[in-house]
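Me: I've got this model open and I'd like a close look at one strand and the residues around it. Could you walk me through that part slowly, and then place it in the rest of the chain?

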Amino acid sequence: MAKPAYAFIGLGHLGGHLAASLLRAGFTVTVHDRDPAAVARLVALGAAPANSPAEAAASAGNAITCLPSPAISEAVLAGPDGLLSGLPAGGTWIEMSTNGRDEIVRLAAIAAARGVETLECPVTGGVHLAAAGKITALVGGDPALYERHRAAIEAMCAKSFLMGPVGSAAVIKVITNMLAFIHLVAAGEALMLAKRGGLDLAQAYHAISASSGTSFVHETESQLVLNGSYDIGFTMDLALKDLGFALAMGKEFGAPLDLATRVRAIFEEGKAAYGGEAWSTMIVRLLEDTTGTDLRAPGFPARLEA
């Protein structure tokens, strides 16, 4: 049975790697992005270029998006020359961006009115795991639709979890990101306490990694802090967007989120200090600048590798 073809819209830090994984797995992929260099990188790997989302969708019959905000997702889906101008009835839109639950449910309804089915598929684990095809997919949608596109999802992701109907994946993705930002602030405070307490930071990093206090974020992002690059491929603005989703869900569901509320305030300080395009890991630099203490140690990478 021939593999389905896909349009892929949004070739940024994350989407470019996901599209490349599809190409490596032998899928036919047509790409579009506002950045010509991003398109050129995928064309060099075997993708076909398109001048608009509509053109890409018309040539493929199914579409995948990985975009920075719900507003951009809506514009790409339903705006002029958007996906719905090109996708045929019976086609599928796979949305890999991070959205709030209400946003993805509303956008899926717009697609359904045009005969297009929606599978939400945000991913978690970091850009470095996406580059190696080892990231995790959190899926919301019809089980039969999930099975129809499972080969493509598994080409991009090492693990996938079907969470329930459309909207379910948005909730768990926001939860995982909320935890990651809380863990990042906590890891920075732990490293600062170690440094100010006179410990060797490299040895402290490894001791924490082998302890009950470790976390995925400590084991990965703390390395970028210790190197001084902070280069996680994820920005302050994106962190604030996701924390906003979490706090909105907390209010809606009646779940107090005291830690997330404090962490959002810290990220607001980080954005004010370094700008919304600064890497989210630079939130630890806020603590470094406040104390006049750099958290550096030899032997740690400038970028993560899977």
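Reply: Here is a walk through strand β4, followed by a few other spots and then the whole protein.

One thing up front: this is a predicted model, so everything below is computed from predicted coordinates.

Let's start with Thr65, which sits in strand β4, a run covering residues 62-65. Is Thr65 buried or exposed? Its relative accessibility is 1%, and anything under 20% counts as buried, so Thr65 is buried.

What does Thr65 touch, once you set aside the neighbours within four places in sequence? The list runs Ile9, Val76, Leu83, Trp93, Ile94, Glu95, Met96 and Ser97. Two of those names come back when you look at polar atoms. The side chains of Thr65 and Trp93 are joined by a polar contact of 2.9 Å, and a polar contact of 2.6 Å links the side chain of Thr65 to that of Glu95. Strand β5 covers residues 92-95, so if you want to see these partners on screen, pull up that stretch along with β4. For a sense of distance, take Ile153: it is 88 residues away from Thr65 along the chain, and the two C-alpha atoms are 13 Å apart.

Now go to Asn62, also in strand β4. Asn62 has a relative accessible area of 11%, so this residue is buried as well. Its side chain has a polar atom 3.3 Å from the backbone oxygen of Ala5. Ala5 also turns up in the contact list of Asn62, which, leaving out neighbours within four places, reads Pro4, Ala5, Tyr6, Ala7, Ala57, Leu87, Gly91, Thr92 and His149. So what you get around Asn62 is a set of contacts that includes Pro4 to Ala7, plus Leu87, Gly91, Thr92 and His149.

Follow the chain past β5 and you come to Thr98, in the loop between β5 and α5 (101-112). Thr98 is buried too, at 9% relative accessibility. Beyond its sequence neighbours within four places, Thr98 is in contact with Lys173, Asn177, Lys241, Asp242 and Phe245. With one of them, Lys173, there is a side-chain to side-chain polar contact of 2.6 Å. Glu269 is another matter: 171 residues along the chain from Thr98, it has its C-alpha atom 23 Å from that of Thr98.

While you're in this stretch, check the backbone at Asp81. Asp81 is in the loop between α4 (70-78) and β5, and its phi is near 60°, a positive value in a residue that isn't glycine. That is worth a glance because most residues other than glycine have a negative phi. Tyr230 shows a positive phi too, again near 60°. You'll find Tyr230 in the loop between α11 (216-227) and α12 (236-253), and with a relative accessible area of 4% it is buried.

Two residues give you something to set against the buried ones. Met163 lies in strand β9 (residues 157-164) and is partly exposed, at 38% relative accessibility. Apart from neighbours within four places, Met163 is in contact with Val139, Ser168, Ala169 and Ile172. Its C-alpha atom is 21 Å from that of Gly254, which is 91 residues away along the chain. Then there is His206, in helix α10 (residues 201-209), which is partly exposed with a relative accessible area of 46%. The C-alpha atoms of His206 and Val31 are 42 Å apart, with their positions 175 residues apart in the chain.

Finally, zoom out. The protein has 14 helices and nine strands. Its radius of gyration is 20 Å, close to the 19 Å the globule rule gives for 306 residues, so the protein is as compact as a globular protein of that length. The C-alpha trace spans about 65 × 45 × 35 Å along the principal axes. Buried residues account for 52% of the 306, and Thr65 and Asn62 are among the buried ones.

Of the contacts with a separation of 6 or more, 68% are between residues 24 or more positions apart. On the outside, the accessible surface comes to about 13300 Å², with 57% of that belonging to carbon and sulfur atoms. As for charge, there are 22 positive and 29 negative charges, and their mean positions are 2 Å apart.

Key. Residues numbered from 1 in each chain as written. Predicted model: local features only at pLDDT ≥ 70, side-chain atom pairs only at ≥ 80, totals over all residues. Heavy atoms only, no water. Helix = DSSP H or I, 4+ residues; strand = E, 2+ residues; numbered from the N terminus. Rg over C-alpha atoms; globule rule 2.2 N^0.38 Å. Buried < 20%, exposed > 50% of the residue type's maximum accessible area, 1.4 Å probe, protein only. Contact = heavy atoms within 4.5 Å. Areas by Shrake-Rupley, 256 points an atom, 1.4 Å probe, with all protein chains shown as cover. Lys, Arg positive; Asp, Glu negative; His and termini not counted. Charge placed at Lys NZ, Arg CZ, Asp CG, Glu CD. Polar contact = N/O pair within 3.5 Å; in protein donor to acceptor, adjacent residues only side chain to side chain.
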